[in-house]
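Reader: I would like to learn how to read the surroundings of a ligand in a model. Please take me through one.

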Amino acid sequence: PRLVVLASGTGSLLEALLAATGDGRLPVDVVGFVADRDCRAVEVAQRAGVPTAVVRPQDQPDRAAWDAALADHLQGLAPDWVVSAGFMRILGEAVLAAFPDRVVNTHPALLPSFPGAHAVRDALAHGVRVSGCTVHLVDAGTDTGPVLAQAAVPVLDDDDEASLHERIKVVERGLLVEVLAGLAVGGVEVVGRRTRWRPARP
Ligand code: GRF
């Protein structure tokens, strides 16, 4: 299967996906990478020889034009799956309509708790003892699509946002690879808000 990855940050999740395709854990081809800004993830993709594009909102007259430009670029890559691996923009209707139930996102909290761009900070501020990460299908909302998989991560007394996020990202990298491998070899059906794996997940 053909995968396109979207990111906006350091690209540690992208690195984990590329490593997994290299060692056989993830039987997919990463056929493209797209960022919304210049970031380390762009360098990671370029170094790995992945066709890379930066589609900046500020280069477009308005949000709808950016959505359309992103959707066009993605369609040109003909992906089976679009993976948001730390992409800090809401994907608009143009992208979601082009890839229905084919866009996957990873979020560093146990949704529906702590959606949005400051999940780790919000979880810490709330004083939770357990947080974690969620891999889900993307719908028109913010971090609201059907859940594919979750993993719990303990919150330590001396955690700050950076230490907790790093601990979550270690787990998140593994969960994302596992989910994408499951989607690559089988698939998932969405029944209401619930997702059922084909074949069943271990
Ligand atoms: C991940 O935790 C992702 O869930 C969140 O931002 C982080 C991206 O990390 N949205 P990186 O850019 O892959 O290092």
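Reader: Which residues come nearest to the ligand?

Author: This is a predicted model, where local features need pLDDT of at least 70, side-chain atom pairs count only at pLDDT 80 or more, and totals for chains, interfaces and linings use all residues. Residues are numbered from 1 along each chain as its sequence is written, and side-chain values use heavy atoms, with hydrogens and water left out. A residue is near a molecule if one of its heavy atoms lies within 4 Å of it. Here 14 residues surround the ligand, and T10, S12, H165, K169 and E172 come nearest.

Reader: How do the residues of the shell divide into nonpolar, polar and charged?

Author: Ala, Val, Leu, Ile, Met, Phe, Trp, Tyr, Cys and Pro count as nonpolar, Asp, Glu, Lys and Arg as charged, and the others, Gly among them, as polar. In this shell four are nonpolar, eight polar and two charged.

Reader: Which helices and strands supply at least two residues of the shell?

Author: Helices (H or I, at least four residues) and strands (E, at least two) are DSSP runs, numbered from the N terminus. Those supplying at least two residues each are α1 (12-22), β5 (103-107) and α6 (161-185). The most comes from α6, with three residues.

Reader: What lies 2.4 Å from an oxygen atom of the ligand?

Author: A polar contact is a pair of N or O atoms within 3.5 Å. At 2.4 Å from a ligand oxygen there is a polar side-chain atom of E172. The backbone also takes part: a polar backbone atom of L13 is 2.9 Å from an oxygen atom of the ligand, and for a backbone N or O atom of G11 the distance is 3.1 Å.

Reader: Where is P112, and which peptide bond is cis?

Author: P112 lies in the loop between β5 and α5 (119-126). The cis bond runs from L111 to P112, with omega near 10°.

Reader: Which residue has a positive phi although it is not a glycine?

Author: That is D101, with phi about 55°. D101 is in the loop between α4 (93-98) and β5.

How values were computed: A polar contact is a pair of N or O atoms within 3.5 Å; within protein, one must be able to donate a hydrogen and the other to accept it, and residues adjacent in sequence count only if both atoms are side-chain atoms.
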